[in-house]
Amino acid sequence: MNVNDLAYEVKNIIKEASSKVMEIYSLEDLEIIDKQDGSPVTKADHESNEIIIKGLRDLDPNIPILSEEGSQFTKEEHELFWMIDPLDGTKEFINKNGEFTVNIALIHKGEPILGLVSAPAIDETFIGINGEGSFKISGERESKIKPSSVGKTLSVTISRSHQSQKDKDFINSAKKSFEGINKIETGSSLKLCRVAEGAADIYCRFGPTYQWDIAAGQAVVTSSGGKVNSLEGDPLSYRFDPEKKNPEFYCIGDVSYDWKSLISSS
């Protein structure tokens with residue numbers, strides 16, 4: 001099965017998982033459990049996880065799956081594997097602001113070659129297919145997306161829940177190079193998708209994230225023509241390791257702009 005065929009099949013899987021998430025989202029009372037690292041988890045995380053894992057195993061039982069909500073892992077080297085986050089932005093889910101996502105990525109030799117990001121509360125799904133481009137489904141409408149060129153005003157997408165002093169320093173520094181700054185507060189992996197579709201120019205993450213937080217979003221960005229790099233300028237890579245965290249990184253759409261100099265000056 002080629003990547004295009006996989007994208008079609010995975011679109012059905014993520015749609016089913018998203019429907020279950022929304023079913024639980026509509027409930028008045030949500031049962032919230034704190035994981036060992038202090039982060040919250042809900043019934044939606046677990047049920048979405050079960051749907052996705054079953055669907056992916058039905059597609060091909062030989063492709064390993066690394067999930068945030070998995071219980072048992074072995075640190076092995078796999079050339080091809082799935083990486084999933086069944087509910088990214090659990091805090092947004094709990095706060096019912098709609099900015100949470102379901103994420104599925106296919107990793108090949110450390111690179112996300114297929115990524116799907118579903119934001120069911122706002123009826124948006126993003127698909128990135130290596131070599132084919134990136135697409136946005138909004139309601140019944142599907143369109144190809146691409147990043148925008150940097151203009152006189154810099155649009156910065158920033159975490160709604162995890163803003164740091166480094167974020168503020170970067171924005172203050174960027175004011176020296178642009179006539180204005182448009183700050184877009186966004187939850188979950190939608191931040192990367194906003195760059196991929198041209199709604200934002202850059203997203204910087206000056207703090208820890210797990211691989212599954214951004215793998216699908218990175219596929220959407222890179223397939224659209226953008227990049228996701230470490231602060232040193234190296235592309236992010238992925239391993240079948242639940243403990244591996246991403247370095248601090250920046251996600252950009254216009255690859256012709258000298259982002260490295262802008263970031264290093266902040």
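Here are some short exercises on a predicted model, each with a worked solution.

**Exercise 1. Work out how the open sheet is laid out: which strands are in it, and in what order?**

Let's start with the strand list. The open sheet has 7 strands, in the order 3-4-5-6-7-8-9, and the pairing is mixed. Next, look at the edges. Strand 3 (65–67) and strand 9 each pair on one side only, which is what marks them as the edge strands. Last, check the twist: neighbouring strands of this sheet are turned by 15° against each other on average, ignoring direction.

**Exercise 2. Zoom in on strand 6 and strand 7: how many bridges join them?**

First find strand 6, residues 111–119. Strand 6 is joined to strand 7 by 6 bridges, and the two run antiparallel. For a landmark, go to Ala119: across from it, in strand 7, is Glu124.

**Exercise 3. Find what helix 2 and helix 6 touch: which strands does each one meet?**

Take helix 2 (residues 43–59) to begin with. This helix lies across strand 3, strand 4 and strand 5 (101–108). Its direction is at about 155° to strand 4. Now move on to helix 6, which packs on the sheet and touches strand 3, strand 4, strand 5, strand 6, strand 7, strand 8 (133–138) and strand 9. Helix 6 makes an angle of about 105° with the direction of strand 6.

**Exercise 4. Describe the largest pocket: how much space does it hold, and which residues lie nearest its centre?**

Begin with the volume: about 650 Å³. Then count the lining, which has 32 residues; nearest the centre are Ser39, Glu68, Asp88, His162 and Asp213. Among the elements giving two or more residues to this lining are strand 4 (80–88), helix 3 (90–95), helix 5 (190–196) and helix 6 (211–224). To finish, sort the lining residues by type: 9 are nonpolar, 10 polar and 13 charged.

**Exercise 5. Do the same for the second largest pocket: which element gives the largest share of its lining?**

The space here comes to about 440 Å³. Its lining has 17 residues, and Lys15, Asp123, Thr125, Ile137 and Gly139 are the closest to the centre. Three elements give two or more residues each: helix 1 (3–25), strand 7 (124–129) and strand 9 (141–145). Now for the share: helix 1 comes out on top, with 7 residues. By type, this lining splits into 4 nonpolar, 6 polar and 7 charged residues.

Technical notes
Residues are numbered from 1 along each chain as its sequence is written. This is a predicted model: local features need pLDDT of at least 70, side-chain atom pairs count only at pLDDT 80 or more; totals for chains, interfaces and linings use all residues. Side-chain values use heavy atoms; hydrogens and water are left out. On a 1 Å grid over the protein atoms alone, a cavity is a set of points where a 1.4 Å probe fits but cannot get out, and a pocket is an open set with protein on both sides within 12 Å along at least five of seven lines; lining residues have an atom within 4 Å of a point. Grid points are joined across faces, edges and corners, and a volume is the space filled by probe spheres set on the points. Helices (H or I, at least four residues) and strands (E, at least two) are DSSP runs, numbered from the N terminus. Ala, Val, Leu, Ile, Met, Phe, Trp, Tyr, Cys and Pro count as nonpolar, Asp, Glu, Lys and Arg as charged, and the others, Gly among them, as polar. Two strands pair if DSSP finds at least two bridges between them. Axes are lines fitted to C-alpha atoms, for helices over the stretch in contact, and angles run from 0 to 180 degrees between N-to-C directions. Contact means heavy atoms within 4.5 Å.
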